[in-house]
Amino acid sequence: MAVNDITLCLEKGQILTLLGPSGCGKTTLLRLIAGFESPTSGTIHIAGKRVAGEGTWVAPEKRQVGMVFQDYALFPHLTVEKNIAFGLKKRSADERRQRIEEVIQITGLNGLEKRYPHELSGGQQQRVALARTLAPEPVVILLDEPFSNLDAALRTQMRKEIPRILRESGSTAIFVTHDQKDALTISDKIAILNQGVVQQIGTPREVYRYPENEFVASFIGETNILKGTLKKDCVETSFGLIPCTPTHSLPLGAPISVSVRPESIIVDPTGPFSGLVKEVSYSGNVSDAEVAIGDIVLHLHLHPEVAVERGNKISFRILPDFVTVIRK
């Protein structure tokens, strides 16, 4: 997938996630940074040094970039210790030993040094792959869908472990995923891509609470996209006024779309809106409900203590916290 007109700037020690659907260009962008692909225009700088573009080309092995592959790519015939030592051949024996010990400590691999990859769990293999990448102290670490081979429980654990390891080591990292939960959990910044174009860059809170357009609003989390007319501090919809403050400085009276996150819709017997429950599903920590107001169906999250069934009529209010006017 080609990528177009992309500008990214990452500060030392930050974790940036490239997030988007399959085929949006995020892996292509990662390969361009690593040096596996060459850009047809534009430039790439790493640690202030141009490595590609305008007649410059620095080979991948000289870019001081580390890569954690989707399948980890561990050497099956080498122990954990020797896998980690692979990129340290130019250092003295004492320097190698010291660096291996440091990395093993950071990644929590103590006691596993003599094991082979097939003797490790998926999470342990992932930490070995990361330790091997950290050992030569690269300027930036690139991680391509590193959680894709893990089960749900292990994935949740590694969402906590990987950022901790990266921050403890002082590493700068670029992480590729199509999973919004991964991106929201581990990132300092998220760049959302679609069809090779960056749709929005911001902190996890910014892209979730203040999506720039309908694609971002729908791709990050769940939302209700409603049509309306912009009024002062609110949006006029077919079923009433919805409070809203972030408006992208659009003129009053403009026809707009608004993103209303399910958590902004609160069941309240005295609320100004009411609708008919069409569907409800219980998932333990929350119940998801579809509520019809005329021709409009809203998706909302209910506290599990709130017992509603299909056919019930409920009243609710909408808080402005996660309501945002979005651009076309």
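Which element gives the largest share of the lining of the largest pocket? That would be α1, with 4 residues. Keep in mind as we go that this is a predicted model.

Let's stay with that pocket for a moment. Its volume comes to about 1,200 Å³. The lining runs to 40 residues, and Leu8, Ile33, Ile44, His45 and Ile46 are the ones closest to the centre. Besides α1 (26-34), the elements giving two or more residues to this lining are β2 (44-46) and β6 (140-144). If you sort the lining by class, you get 20 nonpolar, 14 polar and 6 charged residues.

Now for the second largest pocket, which holds about 880 Å³ of space. Here 24 residues make up the lining, with Glu61, Val65, Gly66, Gly87 and Pro136 nearest the centre. Both β5 (65-68) and α4 (122-134) supply at least two lining residues, and β5 has the largest share, at 3 residues. The class split for this pocket is 12 nonpolar, 4 polar and 8 charged.

On to the nonpolar cores. The largest one has 33 residues, and Ile84, Leu109, Leu130, Ile141, Leu143, Ile162 and Leu166 have the most contacts inside it. At least two residues of this core come from each of α2 (80-85), α3 (93-107), α4, β6, α5 (152-168) and β7 (173-177). Leu143 is a handy place to zoom in: leaving aside residues up to four places away in sequence, Leu143 touches Leu30, Val68, Leu130, Ile162, Ala173, Ile174, Phe175 and Val176. There is also a second, separate core of 26 residues, and Val258, Val260, Ile293 and Val325 are among them.

Finally, the aromatic rings, where the count is 6 pairs. One of these pairs is Phe75 with Phe86, a tilted arrangement at 4.5 Å centre to centre and 45° between the planes. Phe75 sits in the loop between β5 and α2, and Phe86 in the loop between α2 and α3, so their pairing ties together parts 11 residues apart in sequence. Both rings belong to partly exposed residues: Phe75 has a relative accessible area of 24%, and Phe86 comes in at 38%.

Compare Phe239 and Phe273, whose ring centres are 5.3 Å apart with planes at 80°, so this pair counts as edge-to-face. Phe239 is in the loop between β11 (234-237) and β12 (240-243), while Phe273 belongs to strand β15 (residues 273-282), so the pair links parts 34 residues apart in sequence. Phe239 is buried at 16% relative accessible area, and Phe273 is buried at 7%. Together with Phe316, Phe239 and Phe273 form one aromatic cluster.

Definitions and conventions. Residues numbered from 1 in each chain as written. Predicted model: local features only at pLDDT ≥ 70, side-chain atom pairs only at ≥ 80, totals over all residues. Heavy atoms only, no water. 1 Å grid on protein atoms, 1.4 Å probe; cavity = no way out; pocket = protein on both sides within 12 Å on 5 of 7 lines; lining within 4 Å. Points joined across faces, edges and corners; volume = space filled by probe spheres on them. Nonpolar A, V, L, I, M, F, W, Y, C, P; charged D, E, K, R; others polar. Core = buried A, V, L, I, M, F, W, Y, C linked by side-chain atoms within 4.5 Å. Buried < 20%, exposed > 50% of the residue type's maximum accessible area, 1.4 Å probe, protein only. Contact = heavy atoms within 4.5 Å. Phe/Tyr/Trp six-rings, centres within 6.5 Å; stacked < 30°, edge-to-face > 60°.
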